[in-house]
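Hi,

Here is the model I promised to hand over, ready for you to open. My notes on what turned up follow below it.

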Amino acid sequence: MIPILYESNEIIFTNNGLGRLRDIIDCRVTEERNGVFECDFSYPVTGRNYNEIQPERIILVEHDDTGRAEPFDIKSKSEPINGVVEFHAVHIS
């Protein structure tokens with residue numbers, strides 16, 4: 001599944017929101033038992049949706065082999081390094 005970007009107030013994730021992040025370079029979801037559930041992803045500054053990806057917006061990502069997608073709240077972004085920005089998001093429970 002290609003991750004999908006949504007506005008910060010979205011509660012029903014049945015559409016394409018602000019857009020599918022087709023240019024995403026890398027997306028890693030980590031989940032600790034009874035602990036943190038986080039998503040880190042890399043996106044190029046030249047990517048189609050780069051200007052739309054902002055802290056407090058939501059990214060919907062598949063996180064395991066079940067094919068179930070989960071929403072994550074984007075919390076931070078790095079400065080561009082070689083034209084790529086790293087984003088950090090936490091699960092919305």
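Leaving aside residues up to four places away in sequence, E70 touches F37, I59, L60, V61, H63 and H91. Keep in mind as you look around that this is a predicted model. E70 belongs to strand β6, which covers residues 69-77. With a relative accessibility of 12%, E70 counts as buried, because the cut-off for that class is under 20%. Its side chain makes a polar contact with the side chain of R68, at 2.9 Å. You may also like to look across to F13: 57 residues separate E70 and F13 in sequence, yet their C-alpha atoms are 9.3 Å apart in space.

Next, the sheet around it. β6 is one of 7 strands in an open sheet with antiparallel pairing, and the order is β2-β1-β5-β6-β7-β4-β3. The edges are taken by β2 (19-20) and β3 (26-31); each has a single partner strand, so one side of each has no neighbour in the sheet. Further in, strand β4 (residues 37-44) pairs with strand β7 (residues 84-91) in the antiparallel sense, over 7 bridges. If you want a landmark there, S42 has E86 in β7 as its bridge partner.

Then the aromatic residues. Searching the whole structure gives 3 aromatic pairs. One of them joins Y6 and F13, edge-to-face, with 5.0 Å centre to centre and 80° between the planes. Y6 is buried at 1% relative accessibility, whereas F13 is partly exposed at 25%. F37 and F72 also form an edge-to-face pair, at 5.2 Å centre to centre and with 75° between the planes. Since F37 lies in strand β4 and F72 in strand β6, this pair ties together parts that are 35 residues apart in sequence. Both rings belong to buried residues: F37 has a relative accessible area of 14%, and F72 has 0%. F37 is also among the residues that E70 touches.

Last, the cysteines. How many disulfides does a search of the whole structure find? It finds 0. The sulfur of C27 has its closest cysteine sulfur in C39, 3.7 Å away, and that is too far for a bond because a disulfide needs the two sulfur atoms within 2.5 Å. C39 is likewise in no disulfide. As for their surroundings, C27 is partly exposed at 29% relative accessibility, while C39 is buried at 0%.

Happy browsing, and write back whenever you like.

Best wishes

Key:
Residues are numbered from 1 along each chain as its sequence is written. This is a predicted model: local features need pLDDT of at least 70, side-chain atom pairs count only at pLDDT 80 or more; totals for chains, interfaces and linings use all residues. Side-chain values use heavy atoms; hydrogens and water are left out. Helices (H or I, at least four residues) and strands (E, at least two) are DSSP runs, numbered from the N terminus. Buried means under 20% relative accessible area, exposed over 50%, partly exposed in between (1.4 Å probe, protein chains only). Contact means heavy atoms within 4.5 Å. A polar contact is a pair of N or O atoms within 3.5 Å; within protein, one must be able to donate a hydrogen and the other to accept it, and residues adjacent in sequence count only if both atoms are side-chain atoms. Two strands pair if DSSP finds at least two bridges between them. Rings of Phe, Tyr and Trp (its six-membered ring) pair if their centres lie within 6.5 Å; planes under 30 degrees apart count as stacked, over 60 as edge-to-face and the rest as tilted.
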